[in-house]
Amino acid sequence: QVQLVESGGGLVQAGGSLRLSCVASGNIFSIDVMGWYRQAPGKQREWVASIVNGGRTNYADSVKGRFTISRDNAKNTVYLQMNSLKPEDTAVYYCNAPWVVDEVGRGSDYWGKGTLVTVSS
């Protein structure tokens, strides 16, 4: 079994910054892609950013130039540095690892429970 645990959420004023972290632990052999999603109140969950094992990144247009995703493969940790935050960034942010391979070669999709980011105007 694998667990993803997010941290770093909180309340920040518009224009401020936050850094989210997500640690994957458990029976892990390899993790290819790690990513972040968010869900604002009353809205569907949306993809924010992702990073592959080799470091290539992708971002949603709404966060491009403001958010930076990175990872520490040795620590099975992914980060999301969020700068120039806007009230519309307010959401629960979820960590996702869509293909985690365990020690016996099985692959599965895992999600964290989320961390709340609130941006005040």
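A salt bridge here is a side-chain nitrogen of Lys or Arg within 4 Å of a carboxyl oxygen of Asp or Glu. Keep that in mind, as we'll come back to it after a look at the strands. What you have above is a predicted model, where local features need pLDDT of at least 70, side-chain atom pairs count only at pLDDT 80 or more, and totals for chains, interfaces and linings use all residues. Residues are numbered from 1 along each chain as its sequence is written, and side-chain values use heavy atoms, leaving out hydrogens and water.

Let's start with the sheet. Strands, labelled S, are DSSP runs of E with at least two residues, numbered from the N terminus. Two of them pair if DSSP finds at least two bridges between them. On that basis, 4 strands make an open sheet in the order S1-S3-S9-S8, with antiparallel pairing. S1 and S8 sit at the edges, each pairing on one side only. Ignoring direction, neighbouring strands of this sheet are turned by 15° against each other on average, where the axes are lines fitted to C-alpha atoms and angles run from 0 to 180 degrees between N-to-C directions.

Now zoom in on S1, which covers residues 2-7. Its antiparallel partner S3 spans residues 18-26, and 6 bridges join the two. You can follow the register from a couple of positions: Val-2 has Gly-26 as its bridge partner in S3, while Val-5 stands opposite Val-23. In a regular strand, side chains alternate between the two faces of the sheet. For S1, the covered face carries Val-2, Leu-4 and Glu-6. Gln-3, Val-5 and Ser-7 are on the uncovered face.

Next, a couple of loops with backbone angles worth a look. Between S8 (67-72) and S9 (77-82) lies Asn-76, which has a positive phi of about 50° although it is not a glycine. Follow the chain past S9 and, in the loop before S10 (91-101), you reach Ser-84. Ser-84 isn't a glycine either, and its phi is also positive, near 50°. How open are these spots? Take buried as under 20% relative accessible area, exposed as over 50%, and partly exposed as in between (1.4 Å probe, protein chains only). Asn-76 comes out as partly exposed because its relative accessibility is 23%. Ser-84, at 41%, is partly exposed too.

Back to those salt bridges. How many does a search of the whole structure find? There are 5. One of them links the side chains of Arg-38 and Glu-46, at 2.6 Å from N to O. Arg-38 has a relative accessible area of 6%, so it counts as buried, whereas Glu-46 is partly exposed at 36%. Another joins Asp-61 to Lys-64, whose closest N and O atoms are 3.2 Å apart; both of these residues are exposed. Then there's Arg-106 with Asp-102, meeting at 2.8 Å, N to O. Arg-106 is exposed because its relative accessibility is 53%, but Asp-102 is buried at 11%. Salt bridges that share partners also tie Arg-38, Glu-46, Arg-66 and Asp-89 into one network.
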